[in-house]
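Got your viewer open? Take a short tour with me, one selection at a time.

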Amino acid sequence: MSSAAVVLGIDLGTTATKVVAATSGAEVLHQTERGYPLRTDETGEATQDPRRVRDAAIEALTECVTWAREQGHEVRALSFSTAMHTLVGLDSAGEPVTPAFNWADTRAAEVAKRLRADESGSAAELHRATGTPVHTQSVMVKLAWLTGSRTALIAGVERWCALKDYVFGAFVDEFVTDYSLASGSGLQDMYALAWHEPALSVAGVRAEQLPEIKAPTDTLPLTARTAEATGLPEGLPVVLGGGDGPLANLGVGATSPGVAALSLGTSGALRVVRERPGVDDACRTFSYALADGLWVIGGAVSNGAVVGQWAADTFGVDVADLLDEALAVDPGADGLMALPYLLGERAPWWEPGLTGAFVGLRRSHGRAEMTRAVVEGVAQQLALVKEAVHDAGANVRSIRATGGGFRSEVWATAISAALGMELELAESSGGSGLGAVLLGWRALGELDSLESASDLVRPERVVAPDAEATELFARRRPLVDQLHRALRALEI
C-alpha cells in the first residue's frame with residue numbers, strides 16, 4: 001500500500017470507541033476499536049464511566065497512530081463523531097462528578113410524561129424551537145429530572161456537558177461543544193444556534209454552566225500532553241465534529257437533497273438532509289444540524305435489529321438461523337401483525353413507556369411467523385418516520401442504508417417493501433466514523449462541500465421492493481397507528 005495522508009475519525013459509541021483512518025477520497029484504510037460497558041444495574045439506567053470512555057478513545061487512537069506511522073501515512077487531523085443525547089456533570093476542575101447518562105437511560109420518563117401532558121403546549125413549543133422531542137433521550141429532560149429530584153446525585157456539579165465534550169477537553173483543554181451535537185440536546189435554539197433560555201429554565205441550569213458553542217468544522221490545537229500519549233505532533237488540528245446521526249448521513253454519502261440515510265443496528269433511524277432547520281407540524285420528527293448550513297430531519301426508532309435478537313433468545317435458537325426461517329415466510333406473516341415496542345418507542349410517537357403486542361395470533365403461527373411479524377413491525381415504524389419526514393416538507397427520492405441488521409436479507413426486503421423504495425446498501429462504509437473524517441477534510445479545506453460526499457461514497461448493492469408486499473404493507477400501515485392508540489389506552 002502506498003503512503004497517503006489521512007484524517008482519523010474518533011467515533012464515541014455507546015459500548016465502544018472506533019477510530020477510522022480514511023483519505024480525502026473516502027477510502028477507509030484502517031479501523032481500531034476499544035470497548036467499555038454500559039451500566040444498567042438500576043431499572044431504566046443506561047450510564048457509562050466517562051473516564052473509561054476517554055481512556056478508550058486515547059488507546060484506540062494510539063493504536064491507529066502506530067499503524068499509520070508503520071505504513072508511512074501522514075495524519076493531517078483528528079475529528080470527532082459521538083453518540084447523541086449524553087450528559088455528564090463536572091466539578092470546578094472539569095472532572096466528572098456523575099456518570100455519563102446515555103440516550104437510552106429512561107429514568108426521567110415521568111418528567112417527560114409530565115411535560116408532554118402540560119395543556120399549555122409547552123412541550124410542542126420546546127420541540128419546535130430546539131428540534132429535539134421532549135422525551136427521555138433529551139438532555140433537557142434528563143437535567144430536569146436530576147435538578148428536580150436527584151440533587152444528592154449531582155452534589156458538587158458546577159458544569160454540564162455531553163460525553164464528547166468531556167473527552168474532547170482531554171485533547172484541547174477547552175470547554176466547548178459543537179452546534180451539531182448541541183442540536184440534539186433539547187437546549188439549543190436551532191435557529192439562533194445558541195442556548196435556548198426557556199429550555200434552560202425547564203432543565204434547571206444556566207447558560208454559563210454549559211460549554212461554548214462552536215461550528216462542527218472549527219479546529220483547536222492538540223495539547224502537548226495528549227500528543228505525547230498518542231504519538232502525534234503537538235498542535236495537530238482537532239476538529240470538533242458532531243453527532244453520529246448527522247455524520248452517518250455524511251458517511252454513507254446521503255448529503256444531497258432528497259437522499260435519505262437509513263441505519264439499522266440495535267435501534268434504527270431515517271434521516272434526510274436539507275438546507276434549513278424545522279420539524280413537522282405534529283412534532284413527530286427531529287431536526288439536527290450537520291454543518292455548513294445543512295440539517296438532517298428524521299426520526300429514530302428504539303426497536304431495530306434488537307427485536308430479532310429478542311426472538312432468538314426467546315426461542316433459544318441462533319439469530320441468523322431464525323431470520324433465515326423468517327425470510328422463508330411470505331410477506332404479511334400469515335396474517336400476524338406485531339407492534340414490536342420492546343424498548344418503548346421514539347419516532348414518530350416518542351413514548352418511552354409504550355409496550356408491544358402481537359395481533360392476529362393463531363395456533364398455526366410458530367417462531368418463523370412471529371419473527372417475520374416483529375421484523376415487519378420495525379419496517380412499518382420506519383415507513384411511518386418516512387411519512388412524517390415527507391409531511392415536514394422533505395422529499396425522499398432515494399435511500400442509502402447501512403448497519404449490522406442488513407446482514408440478514410429479511411431485514412432488507414421487509415424495509416424496502418414497507419418504504420416502497422429501493423435500498424442502496426452501503427454495507428462497508430465507515431458510517432459516522434467516516435463522516436467525521438470527511439468533516440475533518442472539509443475543515444482542512446480539502447473538500448469543496450459536504451454535498452460532494454454523495455459522489456465519494458457509493459453503495460455496493462441495491463435491494464428492490466416487492467410490489468405485492470409494498471401494497472400489503474401500505475394497506476396495513478393505518479392499522480399500526482390505530483393499534484398503537486388502543487395499546488396506549490390500555491396503560492399496560
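Here is a walk from the overall fold to a few individual residues, and then to a pocket. Keep in mind that this is a predicted model.

**The whole chain**

Start with everything shown as cartoon. You should be looking at 16 helices and 23 strands. Switch to the C-alpha trace and turn it along its principal axes: the span is about 65 × 55 × 45 Å. The radius of gyration is 22 Å, which agrees with the value near 23 Å for a compact globule of 492 residues. Colour by burial and 58% of the 492 residues count as buried. Contacts reach far along the chain, too: among those between residues at least 6 apart in sequence, 73% join residues at least 24 apart.

**Stop one: Thr-98**

Select Thr-98, in the loop between strand S6 (88-90) and strand S7 (100-101). Is Thr-98 buried or exposed? Its relative accessibility is 4%, so Thr-98 counts as buried, the cut-off being under 20%. Now show the side chain of Thr-98, which reaches the backbone nitrogen of Gly-89 at 2.9 Å. Leaving aside residues up to four places away in sequence, Thr-98 touches Pro-50, Val-88, Gly-89, Leu-153, Ile-154 and Val-157.

**Stop two: Gly-243 and helix H9**

Next, pick Gly-243, which sits in strand S14 (residues 237-243). Gly-243 counts as buried because its relative accessibility is 0%. Show what surrounds Gly-243: beyond residues up to four places away in sequence, it touches Ser-81, Thr-82, Met-84, Asp-178, Ser-180 and Leu-181. For a sense of scale, draw a C-alpha to C-alpha distance from Gly-243 to Ala-414; these two are 171 residues apart in sequence and 28 Å apart in space.

Move along to helix H9 (residues 244-251), where seven of the eight residues are buried. Among the buried ones are Pro-246, Leu-247, Asn-249 and Leu-250. After H9 comes Gly-253, with a positive phi near 80 degrees.

**Stop three: backbone oddities**

Which residues are joined by a cis peptide bond? Zoom in on Ala-347 and Pro-348, where omega is about 0 degrees. Pro-348 lies in the loop between strand S19 (337-339) and strand S20 (357-359).

Two aspartates are worth a click for their phi angles. Asp-173 has a positive phi of about 60 degrees although it is not a glycine; look for Asp-173 in the loop between helix H5 (163-172) and strand S9 (176-178). Asp-334 also has a positive phi, of about 55 degrees, and is found in the loop between helix H11 (319-327) and S19. With 41% relative accessibility, Asp-334 counts as partly exposed.

**Last stop: the second largest pocket**

Finally, select Arg-116, Trp-349, Trp-350, Glu-351 and Arg-488, the lining residues that lie nearest the centre of the second largest pocket. The volume of this pocket is about 1,000 Å³, and 32 residues line it.

Which helix gives the largest share of that lining? Colour H2 and you have it, with six residues. Helix H2 (109-117), helix H3 (122-130), helix H12 (367-391) and helix H16 (467-490) each supply at least two lining residues. Colour the lining by residue type and you get 16 nonpolar, four polar and twelve charged residues.

Conventions. Residues are numbered from 1 along each chain as its sequence is written. This is a predicted model: local features need pLDDT of at least 70, side-chain atom pairs count only at pLDDT 80 or more; totals for chains, interfaces and linings use all residues. Side-chain values use heavy atoms; hydrogens and water are left out. On a 1 Å grid over the protein atoms alone, a cavity is a set of points where a 1.4 Å probe fits but cannot get out, and a pocket is an open set with protein on both sides within 12 Å along at least five of seven lines; lining residues have an atom within 4 Å of a point. Grid points are joined across faces, edges and corners, and a volume is the space filled by probe spheres set on the points. Helices (H or I, at least four residues) and strands (E, at least two) are DSSP runs, numbered from the N terminus. Ala, Val, Leu, Ile, Met, Phe, Trp, Tyr, Cys and Pro count as nonpolar, Asp, Glu, Lys and Arg as charged, and the others, Gly among them, as polar. Buried means under 20% relative accessible area, exposed over 50%, partly exposed in between (1.4 Å probe, protein chains only). A polar contact is a pair of N or O atoms within 3.5 Å; within protein, one must be able to donate a hydrogen and the other to accept it, and residues adjacent in sequence count only if both atoms are side-chain atoms. Contact means heavy atoms within 4.5 Å. The radius of gyration is taken over C-alpha atoms; the globule rule is 2.2 Å times the number of residues to the power 0.38.
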